[in-house]
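Please work through the following exercises with the sequence and the structure at hand. Each task sentence is followed by a solution in steps.

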Amino acid sequence: MKPGLAELLGADFVSSFLTNHWPGLPFSLHGSTFEPFRRIENLRSLKTLLDSWQGNVQVHLPDISDEASSIDASPSDARKLFANEMGLLFNDVQKRIPELRNWIESIRSDLGMPTMTHGRCLVYATPDGKGTAWHFDQNINFVVQLQGTKKWKLAPNRHVENPTVRHTMGQPTDSELVPYSLEMPTAISPDETIEVVLRPGSLLFVPRGYWHSTEAEGEALALNFTFNQPNWVDLFTAALRSRLTLSPEWRELADGVSSSDPARRELAQNRFDMLLMALVADLPNWRAADILGATEDLP
């Protein structure tokens, strides 16, 4: 069976996942997802991964136990810091383990995510009793537990819908989130929290924006398939740029827009108004299929 959603979840679960969970509700399986990745030598243990790793490892500092507070370290230093109970994050693992690249592209395609989706693989190594603070991500994650046990707590996000950036509880809210979010909480109600325990072979789907925190029982190693999903804004702006760059008028230098000379600045604004009026007149002729044709490899 080729890499893809059916092998990741098991063919019997794909329909249920797509109907009842994708894209906004957590989903977990236990005992069925370990085998394809156990065959990858570098993922058999933290030792094999560190021994083969080229480049830096992200180390999560103990102050907030989250990537919001981290440093980069060499593999040898990362090994020592892990022994001192600091979690490790290996970024873009697919660049070092080519077998994972086909998984990323196949899962993206099977889910129907846009061609411009950015997919990557992360590996988290977590010391006993440690984990990550409550946070939500702007991306989706399929978590495959490779080694050890990790307890996850998850809760729906009542504070921001479809976030475009990450947020860790107790940390400053990103300026991009502020205009469209409520005040961020300092705690999550137990009544809204679900708990999922991952052991080797378990899989967890974490939707975009869902609050979650983790804690390891024993040393834990997990592989994440992470996808930054373009939204309608991303698709439209990409298509808009593609369309407008065909016009020599839109490719003109934006001359005078910040000039200290009011007359030059007014000329620039008038020129821009003319271009915008022409665009508004053209918009009724746009269709979704035309726009998506600029970003997607459609049949």
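## Exercise 1: The surroundings of N56

N56 is located in the loop between α4 and β2. The model used in these exercises is predicted.

**Task.** State whether N56 is buried, partly exposed or exposed, and how far its C-alpha atom lies from that of A68.

**Solution.**
Step 1. The relative accessible area of N56 is 48%.
Step 2. Partly exposed residues lie between the limits of 20% and 50%, so N56 is partly exposed.
Step 3. N56 and A68 are 12 residues apart along the chain, and 17 Å separates their C-alpha atoms.

## Exercise 2: The chain as a whole

**Task.** Determine how many helices and strands the protein chain has, what its C-alpha trace spans, and what share of its residues is buried.

**Solution.**
Step 1. The protein chain contains 9 helices and 11 strands.
Step 2. The C-alpha trace extends over about 70 × 45 × 45 Å along its principal axes.
Step 3. The chain has 299 residues, and 44% of them are buried.

## Exercise 3: Salt bridges of helix α4

**Task.** Identify the salt bridges that D51 forms with K47 and with R79, and describe where the partners lie.

**Solution.**
Step 1. K47 and D51 form a salt bridge with an N to O distance of 2.8 Å. Both residues belong to helix α4 (residues 46-52), where they are 4 residues apart, about one turn of the helix.
Step 2. D51 also forms a salt bridge with R79, at 3.1 Å from N to O. This pair links distant parts of the chain, since D51 is in helix α4 and R79 is in helix α5 (residues 75-83), 28 residues apart.
Step 3. A relative accessible area over 50% counts as exposed, so K47, at 54%, is exposed. D51 is partly exposed because its relative accessibility is 45%, and R79 is partly exposed at 34%.

## Exercise 4: A further pair and a network

**Task.** Classify the two partners of the salt bridge between D92 and K95 as buried or exposed, and name the residues linked in a network of salt bridges.

**Solution.**
Step 1. In the salt bridge between D92 and K95, the closest N and O atoms are 3.8 Å apart.
Step 2. A residue under 20% is buried; D92 has a relative accessible area of 18% and is therefore buried. K95, at 55%, is exposed.
Step 3. The network of salt bridges links D66, E67, D137 and R166.
Step 4. In the whole structure, 13 salt bridges are found.

## Exercise 5: Two pockets

**Task.** Describe the volume and the lining of the largest pocket and of the second largest pocket.

**Solution.**
Step 1. The largest pocket holds about 540 Å³ of space. Its lining consists of 24 residues, and P23, N162, R208, Q229 and P230 are those nearest its centre.
Step 2. By class, the lining of the largest pocket has 14 nonpolar, 7 polar and 3 charged residues.
Step 3. The volume of the second largest pocket is about 430 Å³. Its lining has 36 residues, of which H60, E67, Y124, T132 and R166 lie nearest the centre.
Step 4. Two or more lining residues of the second largest pocket come from each of β2 (57-60), β4 (88-90), β5 (118-126), β7 (140-155) and β11 (211-228).
Step 5. The lining of the second largest pocket divides into 12 nonpolar, 16 polar and 8 charged residues.

## Exercise 6: Backbone geometry

**Task.** Explain why a cis peptide bond or a positive phi in a residue other than glycine deserves notice, and locate P23, E85 and N162.

**Solution.**
Step 1. Most peptide bonds are trans, and most residues other than glycine have a negative phi, so exceptions to either pattern are picked out.
Step 2. W22 and P23 are joined by a cis peptide bond with omega about 0°. P23 lies in the loop between α2 (14-20) and β1 (27-29).
Step 3. E85 has a positive phi, near 70°, and is in the loop between α5 and β4. With a relative accessible area of 45%, E85 is partly exposed.
Step 4. N162 has a positive phi, near 55°, and is in the loop between β7 and β8 (167-168).

## Exercise 7: A nonpolar surface patch

**Task.** Name the residues that form a nonpolar patch with F236, and give the place of F236.

**Solution.**
Step 1. F236 forms the patch together with V280 and L283, and their accessible area together is about 240 Å².
Step 2. F236 lies in helix α7 (residues 232-244).
Step 3. F236 is partly exposed because its relative accessibility is 33%.

Methods:
Residues are numbered from 1 along each chain as its sequence is written. This is a predicted model: local features need pLDDT of at least 70, side-chain atom pairs count only at pLDDT 80 or more; totals for chains, interfaces and linings use all residues. Side-chain values use heavy atoms; hydrogens and water are left out. Patches are made of residues with over 30% relative accessible area and no salt bridge: like charges are joined within 9 Å, nonpolar side chains (Val, Leu, Ile, Met, Phe, Trp, Tyr) within 5 Å. Accessible areas come from the Shrake-Rupley method with a 1.4 Å probe; for residues, only the protein chains shown count as cover. A salt bridge is a side-chain nitrogen of Lys or Arg within 4 Å of a carboxyl oxygen of Asp or Glu. Buried means under 20% relative accessible area, exposed over 50%, partly exposed in between (1.4 Å probe, protein chains only). On a 1 Å grid over the protein atoms alone, a cavity is a set of points where a 1.4 Å probe fits but cannot get out, and a pocket is an open set with protein on both sides within 12 Å along at least five of seven lines; lining residues have an atom within 4 Å of a point. Grid points are joined across faces, edges and corners, and a volume is the space filled by probe spheres set on the points. Ala, Val, Leu, Ile, Met, Phe, Trp, Tyr, Cys and Pro count as nonpolar, Asp, Glu, Lys and Arg as charged, and the others, Gly among them, as polar.
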